[in-house]
Amino acid sequence: YTQRGDYLIPTLVLSDTKEYHIGKYGRMRRIYLKEHRPAIYSTLLLTEKLFSHLSEMLTQRLFLLKTCL
């Protein structure tokens, strides 16, 4: 905790500070999870795995598009 005047504020640090490119399909997946699977969305968000998951979804979708076309 950090003391700010009379208040103790928790010192929060993100463990994963890597920047992820999620693209169109990652954004679509995020909206789907948020609207239709809120428990999974919350779990991924709180465990700091959301953006790595969305980035992986982008990679998979691009691979599928490349192999299908």
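Student: Which residues of H3 are buried?

Tutor: This is a predicted model, and the answer is read from it. Buried means under 20% relative accessible area. In H3 the residues that count as buried are Leu50, His53, Leu54, Ser55, Met57 and Leu58.

Student: Which helices do the buried residues of H3 pack against?

Tutor: Helix H3 covers residues 50–68. Its buried residues, among them Leu54 and Met57, pack against two other helices. These are helix H1 (23–36) and helix H2 (38–46).

Student: Is Ser55 buried or exposed?

Tutor: Ser55 is found in helix H3. Its relative accessible area is 17%, and the cut-off for buried is under 20%. Ser55 is therefore buried.

Student: Which residues does Ser55 touch, not counting residues up to four places away in sequence?

Tutor: Contact means heavy atoms within 4.5 Å. With residues up to four places away in sequence left out, three contacts of Ser55 remain to be named. They are Tyr20, His21 and Ile22.

Student: How many Å does H3 reach from its first C-alpha to its last?

Tutor: H3 has 19 residues. At 1.5 Å a residue the expected reach is 27 Å, and the helix is close to that. From first C-alpha to last, H3 reaches 27 Å.

Student: Where is Gln60, and is Gln60 buried or partly exposed?

Tutor: Gln60 has its place in helix H3. The relative accessible area of Gln60 is 32%, and partly exposed covers the range between under 20% and over 50%. So Gln60, in helix H3, is partly exposed.

Student: What is the distance in space between Gln60 and Tyr25, C-alpha to C-alpha?

Tutor: Along the sequence, Gln60 and Tyr25 are 35 residues apart. Their separation in space is taken from C-alpha to C-alpha. That distance is 9.4 Å.

Student: What separates the C-alpha atoms of Ser42 and Gly23?

Tutor: Ser42 belongs to helix H2 and is partly exposed, with a relative accessible area of 35%. Ser42 and Gly23 are 19 residues apart along the chain. Their C-alpha atoms are separated by 20 Å.

Student: Which residue in the loop between H2 and H3 has a positive phi?

Tutor: The residue is one other than glycine, with phi near 60°. It lies in the loop between H2 and H3 and is partly exposed, at a relative accessible area of 31%. The residue is Glu48.

Student: Is Tyr1 buried or exposed?

Tutor: Tyr1 is found in the segment before strand S1 (2–4). The relative accessible area of Tyr1 is 74%, and exposed means over 50%. Tyr1 is therefore exposed.

Student: Which residues does Tyr1 touch, not counting residues up to four places away in sequence?

Tutor: One of the contacts is with Thr11, a residue 10 places from Tyr1 along the chain, with the two C-alpha atoms separated by 5.2 Å. The full list of contacts for Tyr1 is Leu8, Ile9, Pro10 and Thr11.

Student: Which residues does Ile9 touch, not counting residues up to four places away in sequence?

Tutor: Ile9 has its place in strand S2 (residues 7–9). At 40% relative accessibility, Ile9 counts as partly exposed. The residues that Ile9 touches are Tyr1, Thr2 and Arg4.

Student: What pattern does the chain follow along the sequence?

Tutor: The chain has 3 helices and 2 strands. Read along the sequence, they give the pattern β-β-α-α-α.

Student: What is the radius of gyration of the chain?

Tutor: A compact globule of 69 residues would have a value near 11 Å. The C-alpha trace of this chain spans about 60 × 25 × 15 Å along its principal axes, and 17% of its residues count as buried. The radius of gyration of the chain is 17 Å.

Student: How many Å apart are the centres of the positive and negative side chains?

Tutor: The chain has 11 positive side chains and 6 negative ones. Each set has its own centre, and the two centres lie 11 Å apart.

Note on methods
Residues numbered from 1 in each chain as written. Predicted model: local features only at pLDDT ≥ 70, side-chain atom pairs only at ≥ 80, totals over all residues. Heavy atoms only, no water. Helix = DSSP H or I, 4+ residues; strand = E, 2+ residues; numbered from the N terminus. Rg over C-alpha atoms; globule rule 2.2 N^0.38 Å. Buried < 20%, exposed > 50% of the residue type's maximum accessible area, 1.4 Å probe, protein only. Lys, Arg positive; Asp, Glu negative; His and termini not counted. Charge placed at Lys NZ, Arg CZ, Asp CG, Glu CD. Expected span 1.5 Å × (residues − 1).
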